[in-house]
Each structure stands twice: as C-alpha cells, then as structure tokens.
Amino acid sequence: MSNDGFKLTRREFLKLTAAASAAVSVGVAVPRIPSVAELEKAELAVGDGMIREVTTACLICMQRCPIAVGVDSEGKIRYVRYLTMEGYDEFFACCGRPQLIFELPFLRERIKKPLLRVGKRGEGKFKEISWDEALRLLTEWIKEYWDEPWRIVAMSRSGADSGFFHTFFKSVVGTPNVTKHCDTCHTGLDWAGYFLFGKLVSPSSLIPDYANADLIVIMGRNPTQGIVATAWSKLFAESRARKARLIVFDVKRDRLCELADRCYIIPPGTDLAIVLAIMNVILEEKLYNSEYLIKWTNASMLVYEDTLEPVKMDVNPLQKDKLTYLVYDEATGEYKLKPEAKKPALEYEGEYNGRRVKTVLLVLKDAVKKYTPEWASRITGVPAEEIRWVARELARAAPRAFIDHVYKAARYYNEGMFNRVRMIVNVLLGSMGVKGGIAYPGGKPKFPSPFEVIPIETRKPGGESIPEYWKKRGVKNIHKKCFSQLVEKTVVEGKPYPIGLLIIYNENIVSHILGAREFIEALKDENKVKHIVVIDTTFNETVLFADLVLPTTFFIEQDGATLHYAKKGGLGQIVAIKKVVDPPKDVDAKPCWQILWEVAKRLGLTKAEYDPRKVWEKQVEKYGGLKELLEKGVIPVAKGLKYHPWGGKPLPTETGEIELINVKLLREYREYLGKESPLNPLPTWIPPAWMRETGGQLADDQFVVVDAMSALTATNTFMRFSGIVRDAMEKRREYGVLIHTERAAKLGIRDGDLVRIKGPGGEMIAKAIVTDGVHPTVIVGPHATNFGELLPKEVEVVKADGSVERVRIFAKGGGYGVNTNLLGLPVFGKTLVVEEGARTAQCDFIVKVSKA
Ligand SMILES: Nc1nc2c(c(=O)[nH]1)N[C@H]1C(S)=C(S)[C@@H](COP(=O)(O)OP(=O)(O)OC[C@H]3O[C@@H](n4cnc5c(=O)[nH]c(N)nc54)[C@H](O)[C@@H]3O)O[C@H]1N2
Ligand SMILES: Nc1nc2c(c(=O)[nH]1)N[C@H]1C(S)=C(S)[C@@H](COP(=O)(O)OP(=O)(O)OC[C@H]3O[C@@H](n4cnc5c(=O)[nH]c(N)nc54)[C@H](O)[C@@H]3O)O[C@H]1N2
Ligand code: SF4
Ligand SMILES: [Mo]
C-alpha cells in the first residue's frame, strides 16, 4: 500500500486540510470537522511533520466519492479530504460523513473475531473461534449443499465487494438464489421504466441535468438528506446561479423546503394524484411538445377504441426488427404507416374499416380526463390553482424543466404508477434526454470479471430458483437481481424448500425489510434455515441471528476486490478502494473477497492467490493503466451527459420508440384495464393502501408512519453507532418523530414526550418533536432500530481465554426515530406489492399513537 502514498510537508498539509474543510462545508451533512488547529496539533505530535496520503473512495452511502486520507507514521488517520482533480471538480465532491472514519474502526459495536453462536438464534450469545475453524465451517456448509446449490441463498446490498460476492455465489457456488436489495429500495421506479422504455430503469441510469434546468420539481426525494453527495449541492448551486426554480412536494418541511421557491406538504402516497392532474392540464391545454412526441414516441399510433389494440402493426422498413403502425397523416388526410406519413396526427379520431380508431395521445387524454386539479386538490389539499400553475410553469420552462426522478420507490403501494405517470409527464414536456431535462450518463467502463482474471472453477446456476417458484404462484415482474422480499417469504413459508445456507454480506436485512417480526420468528427456526452466516463489520439486528459471524474490514481497511465506477452530473470516474489503515489491533477482520477465496481454495476450486491489484490492472488496462490510477487516485472516463430520449442504444419496445401505452404490456395486462392496479396499461389513480383502508379519514390516534433518511445516518447501519452522529442529530432536532401540533394537542402529547407507536406488526416508543412542519396525517422520523424488547440490547462474547465480554449494541443511535418494517404488516399482508416483483411498501399502513 505504500507505493501510492505520497509525502506532504507540514505547510502543504495545512493548506490541504483547510481546503478539505472548505470542500466539506459545501456539503449538507457535516457531523464534525476537526479544526485546522486540532489537526495541526495532531500533526505536530507526529514530530517530523510528514504525513502519508492515500487516495481511495468513500463507501459510506455507496456514492464512491473520491477522498484522500492522511495517515501518520504510526498508522493513525489524521485527516480526510475531498480528492480534487482539475477539470473534474465541477460535479465531484464529498460530504461531511467521511470525517467519521476517525471513529468507525473503533466503534464499540465492532465485531472483532470470528464468532460461533452459543445461545439461541437472536439471543446474542457467541464464542470466539479461530479463522481456521470459521472457514472450515463455512466450507463444510457449502459442501453440504453442493448437489443442491439452490438451497444456498446469498444476499447483499450493492456496493463495497458485493459484486464479487454476487458473482462468487452465482458462478462458483452455482446458486440461482443471489439477490441485491433493490426490492426494498427502487424497484417501483424500475418497473415504471419498463412500461415506457421496455426495460428496467434504475435511478443511477438517469441523471437530472440540474445545471442546465430552469425548473425542477422534486417529489418524494430529498437530496439534502438522502443522496447527500455534495455533487447535488454543486449542481443545485449552479442551477440556482442561473436562476433555476425549485418546487418541492414532501410530507415534512426541512432543509429542502427552505431551498425551494415553493414547497407543498401533502399526505403520504398521494403524489400520484398530483402528477395525474399535471398530466390532465398538459393534455387538456395542449401544452405538450408535439414534435418530440411524434419523433420519439408512439403518441400518434392509432388504436381501436374498443380494444385499444394497435390498428395495424407492420415491419418497419426504416428500423430493422422493429414494428411500425398506422397513423393519420394530416398532410394528406390519409391513413399511412408512420414512416410514410408527413405529419402524423397526435389528436385524431375517426373510422378505419368500419371501426372507431383514435391516437394513443387521445386515449391518454381520455384516461386522465377525470383527474382534474380540483379532483387532486380534494385528495392532497394542494389548491387546484396551484397544481394548474405547476403544470403550466413546467410547460413554459420545458424542455429545461422536469419532475425529478426518485431513489426510493418502495414506500407506497402506488409507487410504480406514480413513477410511470411522472415519466410520462416528462416525456409530454419533451424533457427526457435533452439539455436541462433528465439526461443519461456518458460512457461507462466495461470491467472484466475478476474470475476471468484469476482462474477458478465455475459452474452454471442450477435448480428451480426462488423467483421462478413464486412467479408460478402469481408474483409478477420479478426483478431478476432483486428479490430479497421473496427470500423472506421463502424463509417464513419454507417454500419451495427450506433454506440450507443463508449467507448475508453488507446488508442489515432484518432491520431493512418489511415484516421484520415474522421474519425474526422464522429465522429462529432451524427447520426453515439450517445455517445462517453473516459477514459484517459491526453487530446489528441481522448479526444477532447468525450461527457464524465473520468480521469484515471497513472500506478504509482493505483493497477492494474490483475497481469501482462513480458518476456524478456529467462525469464518470474509475476509483480504487484502497487500504488506508490496518484494522485496530484487537480486530481480526478480513475482506469479504479473502474470506470467500479461502473457501474456494478449501473446496479445491482454485489454487491461485487472489490479488486485487492484478484484477485492477486488467480492469484499468484500457483506461490509462494501473500506474496512472494509483498516482492520481481516480481516472476520469466519461465527460458530458448523453442527450438522447432514451440514452442512444436501440430501445427494446416493439416499436423501438418510447411507448406511452406499452403495446406488449397492453396485451399482457389487458384484464387490468379499468382497475386500480399497478398493472393497468393506462395511467390510473390508485389510492395508497392506507387510504383504501381508512377511506382517507383518520381517527384522532391514527397516523401513517413514515421513515426517511437523515443526512447523518439512516440505513447505513454502522453510522448510527457513532457518538458524533447521535449528538448532531440531537442538535438538529432529528432525534425523534415529527408530529403535527394540532394532532399532538388532541392526544395530549407535548414536545419531548415519549409516544407509543403501535402498528399491525409491533410497537415502539419514540420521542415526539411537535411541529407545524409536517403533514397532519403522518408521524415521521429517521429510519432507526427501535426494536424494543424484541431484540437484546447486549451481546455476550465468550473470549478465547474463557472470559466473557458484554457489548451494548443499540445504545447510541438505536433508539431514535421509527422502523416501519417492525411496525408494518406481516410479509404476506397488503404491503407486499406482488404486481411489482413483491417489492415492499414500507410506509403504507396505519399506526395508533398515544402518549407513552
Ligand atoms: N444519509 C444517508 N444518505 C443516503 C442513504 C443513507 O442510508 N443515509 N442511503 C442511500 C439510499 S440506499 C437511498 S435509496 C437514498 C434515498 O434517498 P431519498 O429517497 O431522497 O431519501 P428519503 O429521505 O427516504 O426520502 C426523501 C423524502 O421523501 C419524503 N417523503 C416520504 N413520503 C413521501 C410522500 O408520500 N410524498 C412525498 N412527496 N414525499 C415523501 C421524505 O419526507 C423525504 O424528505 O439515499 C441514499 N443516501
Ligand atoms: N423502513 C425502512 N426500510 C428501509 C428503508 C427505509 O428508509 N425505511 N430504506 C430501504 C433502502 S432505500 C435500502 S437501500 C435498504 C438498505 O438496507 P441495507 O442494505 O441493509 O443497509 P445498510 O445498513 O447500509 O447495510 C449495510 C451493512 O453493511 C455493513 N458494512 C460493512 N462494511 C461496510 C462498508 O464499507 N460500507 C457500507 N456501506 N456498509 C458496510 C454495515 O455494517 C451494514 O450492516 O433498506 C431499505 N429498507
Ligand atoms: S455522499 Fe456518501 S459516499 Fe460520498 S462522501 Fe458522503 S457519505 Fe461518502
Ligand atoms: Mo436505497
């Protein structure tokens, strides 16, 4: 690791730390920045004023921001700074959270040695074992299922070494049951994209062109708390300098609202009503971009009025393998295939061979006719005139105007439809893939898989997978790589088979998946899951259920198994996760790749040594070479956004165009027409589940419970163990749940009181923060542990010498906020959206609130 460090003189060091503080203060999340004076003292203590600096990337929230870490001669971290790079600082930056890496390695909750469970599952009693013993056990358990590899289930959130982890279990172990986390995160968005583009659309494949936008509408996303990349701040500042306006819809008022020109606080899960009404205004007032719609979409396609089937589909003479369709040519007054028409009509209805026909655009217009701003106003409380104003402003600023994409689309039942209609609005405005609209990232590097670089025996995944089984039983649109909720269902029901080995890396699944109580009960049962192995850095809710716990290194303590790629705004960089420091002396942790490679050797699948740098060398070969990467810390690959309606590559829809009514899905989901279903091929109002349940009328003690990110913590579990984070949250009045003043008064709840929140799945206690800045229907707080009596607050570890160490684990940041997964309905309740791959709907239910 020393070859890529360089030395700094004291002067340079001070200059840099000052710059680091400046870069950090641009960000919105600044827990604590050591002052220059403090650093100076620290640096002076080193004596010779020499500091070694290592470049790497931050993985705290997986944004991979390039950072440089100063380490002294004793191997102690002295500072963290944003790694500047000329010409590329326009979009890249880092937030304040990497300042915590001083604290992370030493967290009390750190797992120090491999552990074997000695108590019952979930009880938190373990004994230390050697790595040799731990690896022997893991190898044995994998061998046990070598002939039935599908009974091995591997789960990991994307990021860190999870690419390696996923490929290992899929291609080396050969199980088809390998899943990421996105059905608890963005799956609602992915499937919305499928309706328009014929392919899944993930949040990272879209890049809102803030810098060139004139009007940005944000609904259900909070860049000041969730995606806390300073990149956003920079872009936003730039757009602001150009006088871009910001309109926000949220359920609570916070920093984002302060930045906005207008901010509307709406009931949870009702954004769909707003976008349907916006669509209604755009169509009724003909505010759409005709040229764009004709050129890039099937808006002019003629369909039969009764069946909505395309009137005629033919092979497209201009586009290989694609179909074309009949349109009404306004230039000649004739029906023609689209490529032959001079001016395809967008709003036409008439007769064709004795049957009524009309254009797709008119069908859409009819579909949303009833969704007037007045209608949406009744649901959301936003005045009709304001909704009309937003629609008109969007059209006036278009195409440099858009409704921003979201990251999390797993909160409410209607999220898929909301995202679909939101995307349709952007298409009607002509702002998909244009300057100032929603754009696409530039080029992306293609990395060879590590298993192509370092030889290892591989095999094809075999057997009936969990998704295949549930697909036959009615779950639709399963995301091939994201089915963690289905794994949970399998654990609970024991179908299609009991799980032999459940191995989890980099994911605190027990805390982050809906139906936690039922899941916990099932995990305790060895007949449902024979072996549970967790690879993690710190004790958390999931580790408590492991039979075998394998301590892994934080990103600053290891070389990454493969290179990473980071993109921000219009830029993309290759980054290497490098070892900056050793883990503390009493921590015997290994990188995930090393653990798995050792197992592969024991299984006789390879004799080679795994060397990440060899893999990087191959991966960066075409992009300037390893030397360059190690010297500079990052290698820029792409510059500039891609402006093209769908990013350029041929679109997999039948027509090769953006389909405002998807021809294939119309065939598949015809039976859903007229229904309030996510599978309805037409834009339709679907009430959120909580509204359906209550008719929208809440009793005095009823609330919808929502958990959101805090800039300081939220899902990244280990962050909540930081004392700095906890203190900062207290200061920011984030350490509790927001409840509306009037509703609190009715229940006799005062600011600072403890409240009891009771849901269908469980209950928890939290501190009330009484405020007007929250919608009266919701009680909302940061996502937290708060598992109450359900989980022990302490783990017990029998050390090698027989002594017992007790570690309090949820003491610091565990008790704030809410965990809707525990409060929520069981796995098979209404909050499982079977239409969208059985993704979760984490916040879509009612709880009862009372003074505790
Ligand atoms: N600090 C921190 N940052 C993170 C992460 C983290 O763990 N911690 N994780 C990363 C990940 S995995 C993700 S997916 C992103 C998520 O990033 P975001 O989606 O931006 O995060 P949230 O804070 O959950 O939600 C955004 C906003 O939606 C609001 N909201 C909730 N319900 C509704 C609603 O019905 N309508 C409207 N209009 N607004 C609503 C919330 O109040 C919140 O202000 O953050 C990423 N960045
Ligand atoms: N109720 C509710 N449920 C939610 C959410 C919510 O807001 N509310 N959010 C949902 C969303 S959007 C997501 S993405 C999922 C996230 O769910 P998870 O993926 O479970 O989230 P993390 O806690 O970030 O899990 C990361 C785990 O990896 C470990 N780890 C080890 N090393 C590293 C490292 O170097 N970097 C990182 N980052 N982790 C490391 C951490 O200790 C932690 O246990 O939860 C989803 N579930
Ligand atoms: S935005 Fe996320 S990845 Fe980037 S510096 Fe902040 S915590 Fe690290
Ligand atoms: Mo997420």
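This section describes one pocket and a set of salt bridges in a predicted model.

The second largest pocket encloses about 520 Å³ of space. Its lining comprises 21 residues. Pro 467, Glu 468, Lys 471, Ile 478 and Lys 480 are the lining residues nearest the pocket centre. Three helices each supply at least two lining residues: helix 5 (187-197), helix 15 (466-472) and helix 22 (663-668). By class, the lining divides into ten nonpolar, eight charged and three polar residues. The second largest pocket lies between two domains, because both give residues to its lining. These are domain 2 (115-184 + 448-558 + 583-621) and domain 3 (206-439 + 653-672).

Salt bridges were examined next. The structure holds 61 of them. Three pairs and one network are described here.

The first pair considered is Glu 53 with Arg 81, where the closest N and O atoms are 2.9 Å apart. This pair links distant parts of the chain. Glu 53 sits in strand 2 (residues 51-58), while Arg 81 belongs to strand 4 (residues 77-82). The two residues are 28 residues apart. Both Glu 53 and Arg 81 are buried.

The next pair joins the side chains of Glu 144 and Lys 530, at 2.6 Å from N to O. Glu 144 is part of helix 3 (residues 131-144), and Lys 530 is part of strand 22 (residues 529-536), so the salt bridge ties together parts 386 residues apart in sequence. Glu 144 has a relative accessibility of 36% and therefore counts as partly exposed. Lys 530 also counts as partly exposed, because its relative accessibility is 39%.

A further salt bridge connects Arg 388 to Glu 374, with 3.1 Å between the closest N and O atoms. Here the link runs between two helices. Arg 388 lies in helix 12 (residues 384-397) and Glu 374 in helix 11 (residues 373-380), 14 residues apart. The relative accessible area of Arg 388 is 15%, so this residue is buried. Glu 374, in contrast, is partly exposed, with a relative accessible area of 35%.

Some salt bridges share partners. Through such sharing, Lys 112, Glu 128, Asp 586, Lys 799 and Glu 805 are joined into one network.

How values were computed
Residues numbered from 1 in each chain as written. Chains lettered and ligands numbered in written order. Predicted model: local features only at pLDDT ≥ 70, side-chain atom pairs only at ≥ 80, totals over all residues. Heavy atoms only, no water. 1 Å grid on protein atoms, 1.4 Å probe; cavity = no way out; pocket = protein on both sides within 12 Å on 5 of 7 lines; lining within 4 Å. Points joined across faces, edges and corners; volume = space filled by probe spheres on them. Helix = DSSP H or I, 4+ residues; strand = E, 2+ residues; numbered from the N terminus. Nonpolar A, V, L, I, M, F, W, Y, C, P; charged D, E, K, R; others polar. Domains from an automatic or database assignment. Salt bridge = Lys/Arg side-chain N within 4 Å of Asp/Glu carboxyl O. Buried < 20%, exposed > 50% of the residue type's maximum accessible area, 1.4 Å probe, protein only.
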